Amino acid sequence: MDTPDTLRQLPAELLLIWHSHRISILLSTASLVTIIRFTIYLRGKREKLSVSPIPGSPTEKTVIELKPEWLPENTTLDPSALNIDNHAEGSTIAIPPAGKAKKLPRTVKGQRLPSKTLKPASIFNPTTDSIQPLIFFQSLSGTTERFASKYVENLSSWISTSQPISSLLEPQVHDLSYIEYDDYFISPPKGESHTRYFYLILLPTYNIDTVLSTFLENLQETHNDFRIDTAPLTGLLGYAVFGFGDKEGWPTEEEGFCSQAREVDKWMARLTGRKRAYPLGLGDVKMDAEQRLEEWRFGVQEALVEIREGRGLGEGVPGSGDPAESDEDDIDIAQDSGSEDVLIQSSLVNTSISDAPIAMDFTTYKSTTYKSTTSKSITQPQEMVPVTSPTHSALTKQGYTIIGSHSGVKICRWTKSALRGRGSCYKYSFYGIASHLCMEATPSLSCSNKCVFCWRHGTNPVGTTWRWITDPPDVIFNGITEAHYKKIKMMKGVPGVRAERFAEAMRIRHCALSLVGEPIFYPHINELVNIMHRNRISTFLVCNAQHPAQLAVLVPVTQLYVSIDASNKQSLRKIDRPLHRDFWERFCACLDILRNRRFEQRTVFRLTLVKGFNMAEEVKGYADLVQRALPGFVEVKGVTYCGTSAAGSAGLTMQNVPFYEEIAEFVKELEKELESRGLGYGIAAEHAHSCCILLADKERFKRDGKWVTRIDFEKFFDLHEGKVEGTRKEVVDGEEKVVGWRPEDYLGDDTPEWALWGNGGFDPRDVRVWRKGKRPKKEKREGEGCVVNERGGKKEVGAKKGDKAIIEI
Ligand SMILES: Cc1cc2nc3c(=O)[nH]c(=O)nc-3n(C[C@H](O)[C@H](O)[C@H](O)COP(=O)(O)O)c2cc1C
Ligand code: SF4
C-alpha cells in the first residue's frame with residue numbers, strides 16, 4: 001500500500017526539490033549544453049581546417065563535367081594522350097564531347113622569324129680596319145695593377161687564338177699615372193689610318209684626394225670645355241670600365257663602394273656619346289674581384305667579336321637617353337608595361353576597341369565559319385597576327401617581339417630594374433624569382449576576355465576559339481628565348497646595368513607565361529611547358545579561368561595562377577567583359593579543377609582590385625571562391641590606371657585605383673573571413689612597391705612556425721626529371737602508390753625577413769632610387785604592413801596618372 005502513496009506524493013516531492021534546487025539545476029543544465037556545443041564547434045573547426053590537408057594519403061577528387069562546347073575547336077580531347085608525365089589529371093575526368101563532329105587535323109605551320117640584318121657600325125670596316133684595345137689602369141697600393149696585368153695576359157691569349165687575328169691587335173697597357181690625359185681623353189689617339197681604338201679602364205676607389213680625383217676632374221673638364229665638343233671621344237669603337245673596391249669599409253654603392261669607377265663610367269658615356277660596350281663591372285677585392293673580372297672579360301670579348309664582325313655595339317635600348325646621361329636616367333620607355341599588371345597611359349594603346357584591327361567576337365562558337373570585323377567570311381585557318389597587320393606593328397612598337405604568328409615576348413620593367421640593381425618584382429620577395437633571370441612571354445596573343453583594366457585589348461586579338469594557323473612549340477621556344485636574349489643584350493649600354501647581373505641574365509631561369517592573351521589557349525601548351533622544364537626554366541602560368549577543358553589537361557607547372565577579377569557573376573561580367581556566354585560556368589569549373597589539382601602544383605588566386613568595381617562588399621564572395629578552390633596562395637594587387645579609351649568607356653578612372661592601405665585593409669578582412677570559416681590562411685608577405693600582398697595556406701606553407709613561400713626551383717626540375725621521387729600518393733588499382741610530386745616537395749627557403757608582412761618587401765641589398773623630385777619627404781609606417789608616403793602632407797600611395805609606379809625603386 002506504500003507504493004501508491006509514494007507515487008501520489010511524487011509530484012509534490014519533485015516540486016519541492018525544484019523549488020529548493022532550481023537555481024543549481026538551471027546552472028548545471030546551461031553549463032552542460034555550453035560544453036556540448038563548444039565541443040561540437042571545436043570538432044567542426046578541426047574538420048574544416050583539414051579541408052586542405054597535406055596529402056600523405058590518397059586525396060579525394062571530384063568529377064568535373066566538361067561540356068562539349070568547352071572543348072577546343074577542331075580538336076577531340078584525349079587527356080591520357082596529353083598526360084605526358086602521368087600526373088593525376090585522370091581523376092579530373094574530362095567527359096568526352098557528345099556528338100562533337102570530328103574535324104580534319106589542324107594545319108600546323110611553323111614559321112621562323114626572318115633574321116634581321118644588323119646595320120654594320122659605320123665607324124668600323126671589318127674588311128680593312130683593325131681594333132686596338134687600350135687598357136688603362138690606376139693603382140696606388142698595387143692591387144689594381146696586379147689584376148690589370150693578369151687581365152692583359154688573359155685577353156692577349158684569347159686574342160692570339162681568336163680568328164681572324166689580323167683585325168684584333170695585341171692590347172696596349174697604360175698606367176694613368178704616367179700618361180698625358182690629353183693624348184687619350186680629348187680625342188682618340190692618332191694611329192695608323194685603319195686602326196680603331198677600344199678603351200678598357202680598370203680603377204680602384206679612394207675617398208681621399210688622389211691622382212684618381214685628378215683623372216676624374218680632367219674627364220669632367222673636357223666634357224664641359226666649351227672649346228671642345230661635349231663628346232670628343234665618339235670616334236672610339238667603345239669602352240668599358242671595371243672598378244675595384246672594398247665592401248668591408250664601403251658595403252653598398254650608396255655608401256661609396258666603387259664610387260669612382262662609377263663616376264668614370266658615367267663621364268666616359270658622355271665623352272663617347274654613349275659608347276658603353278659592356279656594363280660597368282664591380283669587384284670586391286676581399287671577396288669576388290677575380291671572378292667578377294673574369295666574367296667581365298668574357299663579356300668584353302663578346303663585344304669585341306660583335307664589333308669585329310661589323311655589328312657595332314648592337315642596337316641598344318631605343319631612347320636610352322641623351323649624351324648627358326646620369327643615374328637618374330629612366331630607361332623605361334613610355335609604353336613599357338612594366339609587368340603583367342602595371343599599366344601606363346600611352347597614346348599608342350589609346351586605340352578604341354572598335355578600331356581594333358582583328359578583334360573578333362565569336363559568340364556564336366558553333367558555326368563553322370566566322371566573321372571578322374570586316375564581315376568577310378573565312379573558312380581556312382588564318383594567321384592570328386600577320387606580319388603585315390596593324391596589330392603586328394602596334395605590338396612591335398610597344399616593345400613586343402612577335403614570334404611566328406601568335407606568340408610574343410617582351411622584357412618587363414622589373415627585369416631592367418633588376419639588371420641595374422634597383423630591385424625585382426614581387427615574385428622575388430614572395431617566391432625567389434630574380435627578375436633579371438625571368439622572361440615574360442605568351443604563346444597566344446589572343447584572349448577571350450576584354451578586361452576593363454587590360455590596355456592591350458585595343459591591339460591584341462580576341463576570340464573564343466582557336467582557329468589560327470598553329471606554330472610548333474619548339475619554334476616558339478627558340479623564338480622567344482632568342483628574342484629575350486637579344487633584348488637583354490640591348491641593355492648592355494644602359495647606365496647602371498651591373499656586369500654580373502647582365503652575365504647571369506644570359507641564362508633564362510624563369511618564364512612568366514602571362515604577358516598578354518591566354519597561354520592555355522595555345523593547343524600545344526603542354527609541349528611548350530615541357531620544353532621549358534627540360535631546359536630547367538620554371539613556369540608561372542596565368543590563365544583567365546575561361547578554358548576548363550585546357551586547364552583540366554594542363555601538365556603541372558611550377559605555379560599555376562587563375563585570375564580572379566570578381567567575386568560574383570555580375571561583377572565578373574562587368575570587369576572581364578568575357579566573350580563566352582557561359583563565362584560563369586566556365587569560371588566555376590576552372591575553380592573546381594584547381595581544387596582537384598592543388599596537390600599537383602602550387603595554385604594561386606590572383607585578385608586585381610578595382611575600387612568601385614570588385615572591392616567593396618565582395619570580401620565574403622571572394623572567401624566563397626577561396627573555399628571552393630582552396631588555392632595554396634592568394635595574391636592581392638591593386639589595379640594600376642591604364643588610361644585607355646576602353647578603360648574610360650568602362651567608367652574606369654583614377655578614382656578606381658585603390659590606395660595601398662585600402663588593399664591592406666581588404667586583405668585583413670579577407671583573412672578574418674577565411675579564419676571564421678575555419679580556413680587556415682594567413683598574411684604571409686608584401687611588396688609595397690607594387691601594391692601586392694600575399695595570403696597563404698598556413699597548414700601547407702609554414703615550416704616550424706615560419707612562412708615558406710619561396711620555391712626550390714632546382715628540386716622542382718629534379719622532380720620533373722625523375723631524379724628525385726615525389727611524395728604524392730593515390731590509390732591505383734586498389735593500392736596506394738606514389739604518382740608524382742606535390743608542392744610541399746619543392747618548398748624553398750624561409751620567406752626572408754624583409755619580405756614578411758609588415759616589413760615592406762624591398763630587398764635591402766638593392767638600391768632604392770627615386771626619380772627626381774619624387775623622394776618622399778617622410779616615409780612612415782601606418783598600422784601593420786602599410787607603407788604610406790607623404791608628399792607635402794598628401795598621401796600618395798598606389799598608382800597615379802602619369803606615374804609609372806608611385807613607390808619607385
Ligand atoms: C684610404 C682608402 C680609401 C678607400 N676608399 C674606398 C672607397 O671609398 N670605396 C671603395 O669601394 N673602396 C675604397 N678603398 C679600397 C680600395 O679601393 C681597395 O683597397 C683597392 O683594392 C685599392 O687598390 P690599389 O691597391 O690598386 O690602389 C679605399 C682604400 C683606402 C686605403
Ligand atoms: S615575374 Fe618576371 S616578367 Fe613578371 S614582372 Fe616579375 S620579372 Fe617581370
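**Figure 1. Residues around ligand 1 in the predicted model.** Ligand 1 is surrounded by 21 residues, the closest being Ser139, Thr143, Thr144, Pro204 and Gly245; a residue counts as near when its C-beta atom, placed from the backbone, lies within 6 Å of the molecule. Helix H3 (143-161) and strand S4 (238-245) each supply at least two residues of this shell. Helices (H or I, at least four residues) and strands (E, at least two) are DSSP runs, numbered from the N terminus. By residue type, the shell holds nine nonpolar residues, 11 polar and one charged. Here Ala, Val, Leu, Ile, Met, Phe, Trp, Tyr, Cys and Pro count as nonpolar, Asp, Glu, Lys and Arg as charged, and the others, Gly among them, as polar. Residues are numbered from 1 along each chain as its sequence is written, while chains are lettered from A and ligands numbered from 1 in the order in which they are written. This is a predicted model, in which local features need pLDDT of at least 70, side-chain atom pairs count only at pLDDT 80 or more, and totals for chains, interfaces and linings use all residues.

**Figure 2. Helix H5 (residues 211-224) and its two sides****.** The 14 residues of H5 should span 20 Å at 1.5 Å a residue, and the end C-alpha atoms are 20 Å apart, which agrees; the expected span is 1.5 Å times one less than the number of residues. Leu212, Phe215, Thr222 and His223 of H5 are buried. Down the axis of H5, the buried residues fall within an arc of 100 degrees, so they line one face of the helix; the arc is that of the directions from the helix axis to the C-beta atoms. Glu217, Glu221 and Asn224 are exposed, on the face of H5 turned away from its buried side. A residue is buried if 20 or more other C-beta atoms lie within 10 Å of its own, exposed if 12 or fewer, and partly exposed in between, with C-beta atoms placed from the backbone. The cover over the buried residues of H5 includes helix H4 (181-185), strand S3 (195-203) and H6.

**Figure 3. Helix H15 (residues 569-576) and the residue after it****.** Leu572, Ile575 and Asp576 are the buried residues of H15. Viewed down the axis of H15, they lie within an arc of 75 degrees, so they line one face of the helix. Helix H16 (583-596) is among the elements that cover them. Arg577, just after H15, has a positive phi of about 45 degrees.

**Figure 4. Two loop residues with positive phi, Arg274** **and Ala545****.** Most residues other than glycine have a negative phi. Arg274 has a positive phi of about 65 degrees and sits in the loop between helix H6 (259-272) and strand S5 (281-284). Arg274 counts as buried because it has 21 C-beta neighbours inside 10 Å. Ala545 has a positive phi near 60 degrees and is found in the loop between strand S12 (538-543) and helix H14 (548-552). With 29 C-beta neighbours inside 10 Å, Ala545 also counts as buried.

**Figure 5. Predictor confidence along the chain****.** The mean pLDDT, the predictor's confidence in each residue from 0 to 100, is 77 for the chain, and 73% of residues reach 70 or more. Strand S24 (residues 794-795) has the lowest mean pLDDT among the elements (28), and strand S19 (residues 706-707) the highest (98). Over residues 74-122, pLDDT stays under 50. Residues 777-809 also stay under 50. The predictor gives the complex an ipTM of 0.88 and a pTM of 0.65.

Conventions
Contact = placed C-beta atoms within 7 Å.
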